[in-house]
Amino acid sequence: MIQDLEKHIFHNEYQPVPPKKTDCILYYEKHAVLVHTSHDMLTFPSFGELEQTVPDIYKDYVYLFSIDETCYYLVPSFCPEWAPDFTLEDISVFRTLGPRKHAFALITGFHLFTWYQTHRFCGACGHENVHDKKERMMLCPACGNTQYPRISPAVIVAVRNGERLLLSKYAGRNHTRYALIAGFAEIGETLEETVKREVLEEVGLKVKNIHYYKSQPWALSGSLLSGFYCDLDGDDQITLDETELAVAEWFERKDIPYEDYDVSLTREMMLQFKKGLDV
């Protein structure tokens with residue numbers, strides 16, 4: 001999965017040290033990221049590459065995190081024209097390009113970028129926030145209100161019916177990949193209750209024997225995904241919520257339409273079922 005960095009180590013401790021020449025700049029515009037792509041690999045602009053043409057590059061930065069000894073930063077004043085060898089690409093490039101540590105940095109940085117963009121002002125009094133010096137936090141200098149990065153709990157649900165698995169496609173999406181039932185936890189419910197509610201709401205089915213599989217941070221939705229396998233409880237007739245899903249259907253193990261794992265928890269759970277490893 002995307003967070004499996006093998007020998008590399010992700011450090012999410014907030015340590016806003018000044019950038020080095022080899023440290024990376026993550027620049028985003030809406031749903032695009034500035035990268036250089038070559039031979040199925042991606043790279044980001046570095047401070048050292050820009051220090052001759054942009055002498056002030058080291059003065060305006062927001063520390064994000066580090067992987068191994070490389071730190072990653074946002075630069076609020078950054079202009080794409082400063083890095084002519086780099087282009088804005090849809091952030092979905094993380095799905096197919098390596099190395100894995102850069103793909104993970106790309107979407108984790110996007111999570112923080114979108115959070116900073118939507119928390120410029122205090123939610124209590126409306127005053128402009130400032131970056132805290134000690135924590136990854138936005139602080140209101142007027143009323144003292146604090147805001148931390150938002151992480152929303154959500155579930156991925158693999159519903160089994162004997163030797164069949166329920167697969168679905170989202171409504172109103174450009175991509176056409178099959179996926180599992182998914183949804184965010186609501187106030188006052190456990191994750192197991194979220195599993196039951198989401199399945200009932202989206203496909204009209206009841207489930208039992210709910211058991212946890214794995215979790216995954218998923219930056220595109222600002223969420224922490226928890227994967228669960230469960231079994232159908234009763235009738236297998238699907239009643240589709242067409243506002244959420246375009247299609248939902250049962251697949252035999254051998255007919256699961258993928259052969260290889262990718263970066264997502266959803267794909268891993270589907271292939272674990274296909275290979276009989278879901279127990």
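## Around Asn129, and a look at a pocket

Asn129 sits in the loop between helix H2 and strand S9 (130–131). Keep in mind that this is a predicted model. Is Asn129 buried or exposed? With a relative accessibility of 6%, Asn129 counts as buried, because that value falls under the 20% cut-off.

So what does the side chain of Asn129 reach? Here are its two polar partners:

| Partner of the Asn129 side chain | Distance |
|---|---|
| His119, backbone oxygen | 3.0 Å |
| Gln147, side chain | 2.9 Å |

Setting aside neighbours within four places in sequence, Asn129 is also in contact with a string of other residues, including Arg120, Phe121, Cys122, Met138, Leu139, Cys140 and Pro141.

Gln147 turns up again when we look at Gln117. The two are 30 residues apart along the chain, and their C-alpha atoms are separated by 13 Å. Gln117 belongs to helix H2. At 47% relative accessible area, Gln117 is partly exposed, because the value lies between 20% and 50%.

Helix H2 (100–118) also helps line the second largest pocket, and so do strand S6 (62–67) and strand S16 (223–232), each with at least two residues. Which element gives the largest share of that lining? That's H2, with five residues.

The pocket itself has a volume of about 410 Å³. Its lining is made up of 16 residues, and Phe10, Asn12, Thr108, His111 and Ile151 are the ones nearest the centre. By type, the lining splits into 11 nonpolar residues, four polar and one charged.

Key
Residues are numbered from 1 along each chain as its sequence is written. This is a predicted model: local features need pLDDT of at least 70, side-chain atom pairs count only at pLDDT 80 or more; totals for chains, interfaces and linings use all residues. Side-chain values use heavy atoms; hydrogens and water are left out. On a 1 Å grid over the protein atoms alone, a cavity is a set of points where a 1.4 Å probe fits but cannot get out, and a pocket is an open set with protein on both sides within 12 Å along at least five of seven lines; lining residues have an atom within 4 Å of a point. Grid points are joined across faces, edges and corners, and a volume is the space filled by probe spheres set on the points. Helices (H or I, at least four residues) and strands (E, at least two) are DSSP runs, numbered from the N terminus. Ala, Val, Leu, Ile, Met, Phe, Trp, Tyr, Cys and Pro count as nonpolar, Asp, Glu, Lys and Arg as charged, and the others, Gly among them, as polar. Buried means under 20% relative accessible area, exposed over 50%, partly exposed in between (1.4 Å probe, protein chains only). A polar contact is a pair of N or O atoms within 3.5 Å; within protein, one must be able to donate a hydrogen and the other to accept it, and residues adjacent in sequence count only if both atoms are side-chain atoms. Contact means heavy atoms within 4.5 Å.
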